[in-house]
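Visitor: I am new here and would love a short tour. Could you walk me through what we are looking at?

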Amino acid sequence: MTTTEQRVAIVTGAARGIGAATAIRLAAEGRAVAVIDLDEAACKGTVDTITAAGGKALAVGCDVSDAAQVETAVAWVAEELGAPTILVNNAGVIRDNLLFKMTDADWDTVMNVHLKGSFLMTRAIQKYMVDAQFGRIVNLSSSSALGNRGQVNYSAAKAGLQGFTKTLALELGKFGVTANSVAPGFIATEMTAQTAARIGMSFEDFKKAGADGIPVKRVGEPEDIANAIAFFTGDAAGFVSGQVLYVAGGPLN
Ligand code: NAP
């Protein structure tokens, strides 16, 4: 790649929340960004924000847990924007319940979107990174990887992504590819709004209660996570690999 060529990034689950903020931030850093989500039409808001600011973006509908859809989506991005060499595995769902009430479907859905989805996307994109001898992979873990009541499925998937990240770093380092994990704490998005609804609290009260327990005395915003991802995906972060960064407004035990 010459220095004038634009790097191409893929961000999954980028129709809203952390994924949308990340796509917008990476575009502001000069990347051409593929905005992937389940529903192509839902990606329009993110794409419009990027293009209105003079950036380049492409909306792509794809279920990251479906191997055929992932292969098609990644090939489409390569054709439309160029070889993708930055990947942010962000798409996620929650299916919270206490262990004794958790169904097989709740378990499988969470494993399929977070773990299998990240595996399928990374497998599909790695050849472009190896060819380019450059790549940046960021996987979204969570503070829940350390354990969280009602999230035996989600915490297992998010801890699994940390192991996935470290092994990618070991396997792909010699091709100029880094892999890191960002593990957010409480971030104000639809996902945490869903949790508030499940436990019967207003989102405002839920955020206030969350902020009380956070050293910086506020909950996170999607941009807080996008900032960390921008660092890991930057050209200057080539010697930082296999790391897990908790972005949670304070230390976690
Ligand atoms: P969000 O607002 O719920 O956004 C997640 C996005 O992923 C949605 O647009 C969703 O689409 C999409 N998605 C779900 N399943 C998909 C699939 N199979 N294929 C493609 N896209 C899919 O969530 P968020 O809070 O921004 O979270 C983003 C990531 O950060 C997740 O991995 C989450 O686990 C992690 N995280 C979040 C927090 C937090 O406090 N918010 C904390 C730690 C970690 P639909 O709307 O169509 O379902």
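Guide: Let us start with a term: buried means under 20% relative accessible area, exposed over 50%, and partly exposed in between, with a 1.4 Å probe and protein chains only. This is a predicted model, in which local features need pLDDT of at least 70 and side-chain atom pairs count only at pLDDT 80 or more, while totals for chains, interfaces and linings use all residues. Residues are numbered from 1 along each chain as its sequence is written, and side-chain values use heavy atoms, with hydrogens and water left out.

Visitor: Is Cys43 buried or exposed?
Guide: The relative accessible area of Cys43 is 0%. Buried means under 20%, so Cys43 is buried.

Visitor: How many disulfides does a search of the whole structure find?
Guide: A disulfide is a pair of cysteine sulfur atoms within 2.5 Å. The cysteine sulfur closest to that of Cys43 belongs to Cys62 and is 9.9 Å away, too far for a bond. Cys62, also buried at a relative accessible area of 2%, is in no disulfide. The search of the whole structure finds a number of disulfides equal to zero.

Visitor: Which helix supplies the largest share of the largest nonpolar core?
Guide: A nonpolar core is a set of buried Ala, Val, Leu, Ile, Met, Phe, Trp, Tyr and Cys residues joined through side-chain atoms within 4.5 Å. The largest one has 32 residues, and Ile10, Val77 and Met121 touch the most other members. Several elements each supply at least two residues, among them β1 (8-12) and α3 (67-81); helices (H or I, at least four residues) and strands (E, at least two) are DSSP runs numbered from the N terminus. The largest share, seven residues, comes from α4.

Visitor: Which residue meets Asp235 in a salt bridge at 3.7 Å?
Guide: A salt bridge is a side-chain nitrogen of Lys or Arg within 4 Å of a carboxyl oxygen of Asp or Glu. Asp235 is partly exposed at 45% relative accessibility, whereas its partner is buried at 10%. Asp235 lies in the loop between α8 (222-233) and β7 (244-247) and the partner in the loop between α1 and β2, so the pair ties together parts 204 residues apart in sequence. The side chain that meets Asp235 belongs to Arg31.

Visitor: What separates Lys207 and Glu204 in helix α7?
Guide: Their side chains meet in a salt bridge, at 3.2 Å from N to O. Both lie in helix α7 (residues 203-212), three residues apart, so their separation is about one helical turn.
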